[in-house]
Amino acid sequence: RVGVAGPIRVGNLELDPYRHQVVVDGEPRHLTQSEFKLLTLLASKPERAFSRRELMQHLWDSRYVGDQRACDIHVSNLRRKVERDHARPERIVTVRGVGYKLVPV
């Protein structure tokens, strides 16, 4: 579980768990519940690489994670909303053989 005391800032991305708001480069972004939950976990420990399994366990609040490739779909959808160019992600970076991490941009 991620316990967050207040807004989290990672570079030009600000996430407010209490208000369920995300602002990227000064622009509010509307995320689904799943996207927000995923981003909250990534933002809780910037630069830390999370495995697909960890991300899916967090997303589903369960040890059963089903198809871990579903994680790639969630990350892809999230990138469309928080990246300048989702085809060339700078914020949510793939860590080959591991999973994903959020880096300040």
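A residue counts as buried when its relative accessible area is under 20%. Keep that cut-off in mind as we walk through this structure, which is a predicted model.

**Helix H1**

Let's start with helix H1, which covers residues 33-44. Its buried residues are Glu35, Phe36, Leu38, Leu39, Thr40, Leu41, Leu42 and Ala43. How far apart are the end C-alpha atoms of H1? They lie 16 Å apart, and this agrees with expectation because twelve residues at 1.5 Å a residue should span 16 Å.

**The sheet and the helices on it**

Next comes an open sheet of three strands, arranged in the order E5-E7-E6 with antiparallel pairing. At its edges are E5 and E6 (92-95), each of which pairs on one side only. E5 and E7 run antiparallel and are joined by two bridges. Along this pair, Ser51 stands opposite Gly99 in E7. H1 packs on the sheet, where it touches E5, E6 and E7, and the direction of H1 makes about 70° with that of E7. Helix H3 also packs on the sheet. H3 touches E6 and E7, and its direction makes about 150° with that of E6. As a general point, the strands of a sheet pair through backbone hydrogen bonds, either parallel or antiparallel.

**Helix H2 and its cover**

Helix H2 spans residues 52-60. Which residues of H2 are buried? They are Arg52, Leu55, Met56, Gln57, His58 and Leu59. The cover over these buried residues includes H1, strand E5 (50-51), helix H3 (69-82) and strand E7 (99-102). Two of the covering elements, E5 and E7, also appear in the sheet order described above.

**Residues with a positive phi**

Now look at some backbone angles. Asp61, just after H2, takes a positive phi. Asp25 and Glu47 have a positive phi too, although Asp25 is not a glycine and neither is Glu47. The table puts the angles beside the places.

| Residue | Phi | Place |
|---|---|---|
| Asp25 | about 50° | loop between strand E3 (21-24) and strand E4 (27-29) |
| Glu47 | about 80° | loop between H1 and E5 |
| Asp61 | about 55° | just after H2 |

Why does Asp25 count as partly exposed? Its relative accessibility is 34%, so Asp25 falls in between the buried limit of 20% and the exposed limit of 50%. Glu47 is partly exposed as well, because its relative accessibility is 43%.

Notes: Residues numbered from 1 in each chain as written. Predicted model: local features only at pLDDT ≥ 70, side-chain atom pairs only at ≥ 80, totals over all residues. Heavy atoms only, no water. Helix = DSSP H or I, 4+ residues; strand = E, 2+ residues; numbered from the N terminus. Expected span 1.5 Å × (residues − 1). Buried < 20%, exposed > 50% of the residue type's maximum accessible area, 1.4 Å probe, protein only. Contact = heavy atoms within 4.5 Å. Pairing = 2+ DSSP bridges. Axes fitted to C-alpha atoms, helices over the stretch in contact; angles between N-to-C directions.
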